[in-house]
Amino acid sequence: MTGQIELGLLVAQVQKSFGRHNALKGVDLEVREGEFFTLLGPSGCGKTTLLRLIAGLELPDSGHIFLGGLDITRLSAAKREVNTVFQSYALFPHLDIFENVAFGLRARQVEPAEIGRRVSGKLELLGLSGLEKRYPHQLSGGQKQRVALARALVNEPRVLLLDEPMSALDAHLRAQVQEDLRRLQRELRQTFILVTHDQDEAMVVSDRLAVMREGVIEQVGEPREVYSRPRNQFVAEFLGAANIIPARRDGGRVVTTLGAFNLESAPRWDEGRLAIRPERIVLGEGGADGNWVRAMEVREAIYRGQSLDVWLTPGGRAEAEAPRVRVRTHSRDSLRPGDKVSLFFPPEDLVALD
C-alpha cells in the first residue's frame, strides 16, 4: 500500500449479503485523508451498507477495511476513529443542546473542563453559540442538523460519515447546508464521506465521488471528470441529463441516425453508444465543418428560469420514429415548436461509452 492509502481509508474486495441479496459484490475503494468523498447512487445500490461497514455497524462477509494503515475490519464500532451523522439526526429529546453534544465525551469519562472547552468550540464553529440550553424540539431542521454534526465532530473522529443528513430539509435550506458543510470540511481538513442519491448535492460538496449500482462501483473520479466523461450509460444518465446516441464506427468517424461525427478519441468498439450533455450541444445556423446536424425541428421547449430545455428531431421525419435530441440553452433564446435550427456536436464533448 502507498503512504497515501495508509493515511486514508481503504476498502478491499468487500462483500456483504443479506440472505440471498448481494448488497456489495467485491467493492474496492480508496478515500484519501482530508478529502470530501461521496457515495452516490439510487436506493438499494449498496451505498448505505458500505457506510455501515466502515462505521462498524455491520461486518463484511469477506474483504478488509483499513483506516490509517490499520485493519479495522473486525474492530467494534466504539473502537473505530469514526463517527456517523444519521438521516434522522438521532438527537436525545430529553437533553439540551449542550448535553446532546457532550454525550459521547461524558461516556468516555473526559474531564469536565475539557468537555466544556470542546463542546463550546464546536457549537461556535457551527453557529450554535447561545443555543446551549435549548432542546431539540425548539430548533429548526437546519439547526438540528448542525447539532448532530457538532456531536459527531466533538469526538474528533478521523473520518466523519454522513448518511443522507440533508434529505429531510427543504430545497432552499438544503442548498445552504450543502455550502456550509463544504466550508466546514475545508476548515477542518478532515475526511468526510457522504451517502446521497442527490446528484446535485454530490456535485456541490465532493472532491471526488463514486457512482454505485447494484453492489458495485461503476466509476470514481472528480465530479467534473465523471460528469463530462461518464464511463457507461448508467453513469451518464444518473449524473444528469444525457443524450444517448447509438453509433457504429466507420473509419475515423462514427455514424449515427443523426449523421456522421468526428470524436476527439476513437471508440474501442465497432458498434456502441455515444453520450453528450444537453448544454454541450451548440445551436447555430450551420457551418462548413463536420459535426453539424441541419434542419432539426423543435418539438418542445420548457422554460426553466436560467435555461431553456429544447427537444428536437430531424425535420421531415415522423416524430414517433425520429431520434430526439435534448438541448439546454440560455433562457433568452426564443424557440417554439416548429422552428428549424442547426446543431453542432463538439467532438471533445461526444463521449464513446463502454
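Here a trainee and a mentor talk through the sheet, cavities, pockets and one buried residue of a predicted model.

Trainee: Let's start with the open sheet of four strands. What is the strand order?

Mentor: Build it up from the pairs. Strand 1 (residues 9–18) pairs with strand 4 (residues 62–67) in the antiparallel sense, strand 1 also joins strand 2 in antiparallel fashion, and strand 4 does likewise with strand 5 (residues 70–71). Put together, the pairing is antiparallel and the order reads 2-1-4-5.

Trainee: Which strands stand at the edges, each with a single partner strand?

Mentor: Look at the two ends of the order 2-1-4-5. A strand there has a single partner, so one side of it is left without a neighbour in the sheet. The edge strands are strand 2 (21–31) and strand 5.

Trainee: How many bridges join strand 1 to strand 2?

Mentor: Those two run antiparallel, and Leu-9 stands opposite Val-31 in strand 2. They also form a hairpin with two residues between them. The number of bridges is eight.

Trainee: And which residue in the turn of that strand 1 and strand 2 hairpin has a positive phi?

Mentor: There are two residues between the strands, and one in the turn has a phi of about 65°. That residue is Gly-19.

Trainee: Over on the other side of strand 1, which residue stands opposite Gln-15?

Mentor: Strand 1 and strand 4 pair over five bridges, in the antiparallel sense. So we want a partner in strand 4. The residue facing Gln-15 is Ser-62.

Trainee: What about the hairpin of strand 4 and strand 5: what is the phi of Gly-68 in the turn?

Mentor: Two bridges hold that antiparallel pair, with Phe-66 opposite Asp-71 in strand 5. Two residues sit between the strands, Gly-68 is in the turn, and its phi is positive. The value is about 60°.

Trainee: On to the cavities. Which helix gives the largest share of the lining of the largest cavity?

Mentor: The whole structure has two cavities of 30 Å³ or more, and the largest holds about 70 Å³ of space. Helix 5 (141–153) and helix 6 (171–188) each supply at least two residues of its lining. The largest share is five residues, and they come from helix 6.

Trainee: How many charged residues are in the lining of the largest cavity?

Mentor: The lining residues include Leu-126, Gln-145, Leu-149, Val-177, Leu-181 and Leu-184, and also Arg-146, Asp-180 and Arg-183. By class, five are nonpolar and one is polar. The charged count is three.

Trainee: Which elements give two or more residues to the lining of the second largest cavity?

Mentor: That cavity has about 40 Å³ of space, and its lining has seven nonpolar, one polar and two charged residues. Among the lining residues are Tyr-227, Ser-228, Ala-275 and Ile-276. The elements are helix 8 (223–228) and strand 14 (271–276).

Trainee: Now the largest pocket: which element supplies the largest share of its lining?

Mentor: The largest pocket has a volume of about 600 Å³ and is lined by 22 residues, with Ala-77, Val-82, Asn-83, Thr-84 and Asn-155 nearest its centre. Strand 6 (82–85), helix 3 (97–107) and helix 5 each give at least two residues, while the class split is 13 nonpolar, four polar and five charged. The largest share, four residues, belongs to strand 6.

Trainee: What is the volume of the second largest pocket?

Mentor: Its lining has nine nonpolar, two polar and four charged residues. The volume is about 280 Å³.

Trainee: Last one, Glu-218: buried or exposed?

Mentor: Glu-218 is found in strand 10 (residues 216–221). Its relative accessibility is 13%, and the cut-off for buried is under 20%. So Glu-218 counts as buried.

Trainee: And which side chain joins the side chain of Glu-218 in a polar contact of 2.9 Å?

Mentor: Leaving aside neighbours within four places in sequence, Glu-218 is in contact with Val-211, Arg-213, Arg-231, Asn-232, Phe-234 and Val-235. One of these gives the side-chain polar contact of 2.9 Å. The partner is Asn-232.

Terms used
Residues numbered from 1 in each chain as written. Predicted model: local features only at pLDDT ≥ 70, side-chain atom pairs only at ≥ 80, totals over all residues. Heavy atoms only, no water. 1 Å grid on protein atoms, 1.4 Å probe; cavity = no way out; pocket = protein on both sides within 12 Å on 5 of 7 lines; lining within 4 Å. Points joined across faces, edges and corners; volume = space filled by probe spheres on them. Nonpolar A, V, L, I, M, F, W, Y, C, P; charged D, E, K, R; others polar. Buried < 20%, exposed > 50% of the residue type's maximum accessible area, 1.4 Å probe, protein only. Polar contact = N/O pair within 3.5 Å; in protein donor to acceptor, adjacent residues only side chain to side chain. Contact = heavy atoms within 4.5 Å.
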